[in-house]
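Let's take a walk through this structure together, starting from the middle and working outwards. Keep the viewer open as you read, and turn the model as each part comes up.

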Amino acid sequence: MLATGSGAAAIGQNDKDAVAGATVAATLGKPIMSEFQRKRRAEGRLWAEGYTQSELDVAQAKYGLVFPPDLLALLRDRRPVLAYDWRSDDKEIREMLKWPLEGLLFDVENNALWWPEWGDRPGTPEARSKVVTKVVNEAPKLIPLVSHRYLPAEPYEAGNPVFSVYQSDVIYYGGDLANYFEREFVNPRHPLPQHIKHVRFWSDLVERNR
């Protein structure tokens, strides 16, 4: 089961029971799928019944993802109502899988984003897109959770951080899943842990934003 640090309370059984009939008041950042989120908020609860292992296997195969063990454990037990439903939200999930790359490409063309490690900046949008697409494709895949919050699929172990991704504005939104759900649904001022696992490329974006 997922239960690490003080954030574990955010996804514990007691919280699930306590908020079953409550109005959801989560902070989701800039709305990018407001209609989708409004429909989910109308359900008036935070947690719903989890997936079967078969459903999770189908989802991972369908989208070419490998869910880390703590995410699998959580989703077998229960799923966040505001999260994407891996059985039915195909359009939204596919859009969010493309979102990180599309946001970076936007900043490359509109906000002068270019890292020295990528070599000389090519002269055409097509060439710049090719370079950045290769960089992102070689980085750990990001698994969409809620709105533009993502869990990296690598390393394949528990305790990966959760990122908020909005173009090149990438920040930590949770030191791990438990810390994330505490901050997202219970107390947005709950601190991040002092030490957060480094995830190649995505953590580098966080550091450069600082």
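A good place to begin is the largest nonpolar core, which has 52 residues; among these, F67, W86, W118, F163, F201 and W202 touch the most other members. Helix α5, spanning residues 90–110, gives the most to this core, with 6 residues. In soluble globular proteins, nonpolar side chains tend to be buried together. Bear in mind as you look that this is a predicted model.

Now pick out W202. Leaving aside neighbours within four places in sequence, W202 is in contact with P100, L104, V136, A139, P140, L142, F163 and V170. One of these contacts, F163, is itself among the core residues that touch the most other members.

With that centre in mind, step back to the whole chain. The protein chain holds 8 helices and 6 strands, and along the sequence they follow the pattern α-α-β-α-α-β-α-α-β-β-β-β-α-α. Of its 210 residues, 50% count as buried. If you take the contacts between residues at least 6 apart in sequence, 64% join residues at least 24 apart.

The run of four strands in that pattern is worth following one strand at a time. Strand β3 (residues 142–144) pairs with β4 in the antiparallel sense over 3 bridges, and P144 has Y150 of β4 as its bridge partner. These two strands form a hairpin with 4 residues between them, and S147 in the turn has a positive phi of about 50°. In a regular strand the side chains alternate between the two faces of the sheet. You can see two directions in β4: R149 and L151 point one way, Y150 and P152 point the other way, and all are buried.

Next comes β5, joined to β4 by 2 bridges, with the two strands running antiparallel. Here Y150 has F163 as its bridge partner, while R149 stands opposite S164. How many residues of β5 are buried? The count is 4 of the 5, so β5 is largely enclosed by the rest of the structure. On to β6: 5 bridges join β5 to β6, again in an antiparallel arrangement, and Y166 stands opposite D169. This pair also forms a hairpin, with 2 residues between the strands, and Q167 in the turn has a positive phi of about 55°.

Follow the chain out of β6 (169–174) and you reach a loop leading to α7 (177–186), where D176 sits. Which side chain of opposite charge is nearest to D176? That is K197, at 8.8 Å, and D176 is buried yet has no salt bridge. The side chain of D176 does reach the backbone nitrogen of N179, at 2.8 Å. At the start of α7, a side-chain oxygen of D176 also comes to within 3.2 Å of the backbone nitrogen of A178.

Helix α7 itself is mostly covered, with 9 of its 10 residues buried. The buried residues include nonpolar ones such as L177 and F181, along with E182, R183 and E184. What do the buried residues of α7 pack against? Their partners are β1 (47–49), α4 (69–77), β2 (78–80), β4 (149–152), β5 (162–166) and β6. That brings us back to the strands we followed earlier, with β4, β5 and β6 meeting the buried residues of α7.

Methods: Residues numbered from 1 in each chain as written. Predicted model: local features only at pLDDT ≥ 70, side-chain atom pairs only at ≥ 80, totals over all residues. Heavy atoms only, no water. Core = buried A, V, L, I, M, F, W, Y, C linked by side-chain atoms within 4.5 Å. Buried < 20%, exposed > 50% of the residue type's maximum accessible area, 1.4 Å probe, protein only. Contact = heavy atoms within 4.5 Å. Lys, Arg positive; Asp, Glu negative; His and termini not counted. Salt bridge = Lys/Arg side-chain N within 4 Å of Asp/Glu carboxyl O. Polar contact = N/O pair within 3.5 Å; in protein donor to acceptor, adjacent residues only side chain to side chain. Pairing = 2+ DSSP bridges.
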